[in-house]
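Q: I'd like to learn how to read a structure like this one. Could you walk me through some features, one by one?

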Amino acid sequence: LAIPFTATLAAGATLSLTPVVQEGQAANLADAVNLAAPGAQVVATGPVGGGTVTGCYELNLSLRGAGRYVRCNFTPDLSAGATDTAQVSAVLVTGGANRVPV
């Protein structure tokens with residue numbers, strides 16, 4: 001899971017992300033089970049005087065044994081939410097399978 005971000009932060013203010021990756025067999029993931037839920041992660045801190053911080057949070061995990069469907073969710077949190085801004089997105093990159101999915 002890769003979550004690229006660009007945040008404009010006041011000095012010492014932070015951007016935190018709380019990612020969750022789930023799997024299941026039902027198409028609507030009504031049976032979703034967490035594969036990974038590491039909790040809140042501080043991914044950026046505003047520089048002295050404030051400014052823009054750019055980066056990418058990465059969560060590496062094995063999808064071995066995962067169900068047919070996989071989804072990722074994340075919740076961004078700005079410690080100074082009334083003044084700071086952030087642009088975030090998420091990409092789930094898969095590869096290295098030794099068989100074609102059915």
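A: Let's begin with one pair of facing residues: the bridge partner of F5 in β7 is V88. A strand here is a DSSP run of E with at least two residues, a helix a run of H or I with at least four, and both are numbered from the N terminus. This is a predicted model, in which local features need pLDDT of at least 70, side-chain atom pairs count only at pLDDT 80 or more, and totals for chains, interfaces and linings use all residues. Residues are numbered from 1 along each chain as its sequence is written, and side-chain values use heavy atoms, with hydrogens and water left out.

Q: In what sense do β1 and β7 pair, and over how many bridges?

A: Two strands pair if DSSP finds at least two bridges between them. For β1 and β7 the sense is antiparallel, and there are 4 bridges.

Q: Which residues of β5 stand opposite P4 and A7?

A: P4 has C56 as its bridge partner in β5, while A7 stands opposite V53. Strand β1, residues 2-9, pairs with β5 over 8 bridges, in the antiparallel sense.

Q: In what order do the strands of this open sheet come?

A: The order is β5-β1-β7, so you're looking at 3 strands with antiparallel pairing. At the edges are β5 (51-58) and β7, each pairing on one side only. On average, neighbouring strands of this sheet are turned by 15 degrees against each other, direction ignored. For such angles, axes are lines fitted to C-alpha atoms (for helices over the stretch in contact), and angles run from 0 to 180 degrees between N-to-C directions.

Q: And how should I picture the side chains along a strand?

A: In a regular strand the side chains alternate between the two faces of the sheet.

Q: Let's move to single residues. Is L17 buried or exposed?

A: Buried means under 20% relative accessible area, exposed means over 50%, and partly exposed is in between, using a 1.4 Å probe and protein chains only. L17 lies in strand β2 and counts as buried because its relative accessible area is 0%.

Q: What does L17 touch, not counting residues up to four places away in sequence?

A: Contact means heavy atoms within 4.5 Å. L17 has a list of such partners, including I3, G39, Y57, F74 and V88. You can also compare sequence with space: L17 and V42 are 25 residues apart in sequence, and 6.5 Å apart in space, C-alpha to C-alpha.

Q: Where is G50, and how far is its C-alpha atom from that of T75?

A: G50 sits in the loop between β4 (41-45) and β5. The C-alpha atoms of G50 and T75 are separated by 23 Å, with their places 25 residues apart along the chain. G50 counts as partly exposed because its relative accessible area is 26%. Leaving out residues up to four places away in sequence, G50 touches L9, A10 and A11.

Q: Why does L63 count as partly exposed?

A: Because L63 has 30% relative accessibility. L63 is in the loop between β5 and β6, and it touches L35, V70 and T94, again not counting residues up to four places away in sequence.

Q: Which side chain of opposite charge is nearest to D84?

A: Lys and Arg count as positive, Asp and Glu as negative, while His and the chain ends are not counted. A salt bridge needs a side-chain nitrogen of Lys or Arg within 4 Å of a carboxyl oxygen of Asp or Glu. D84 is buried yet has no salt bridge, and the nearest opposite charge, R71, is 29 Å away. D84 lies in the loop between β6 (69-78) and β7 (85-88).

Q: What does the side chain of D84 reach at 3.1 Å?

A: A polar contact is a pair of N or O atoms within 3.5 Å; within protein, one must be able to donate a hydrogen and the other to accept it, and residues adjacent in sequence count only if both atoms are side-chain atoms. The D84 side chain reaches the backbone nitrogen of A10 at 3.1 Å, and also makes a polar contact with the side chain of T83 (3.5 Å).

Q: What about E23: where is it?

A: E23 is in strand β2. E23 is buried and has no salt bridge, with R71, the nearest side chain of opposite charge, 10 Å away. A polar atom of the E23 side chain lies 2.7 Å from the backbone nitrogen of G67.
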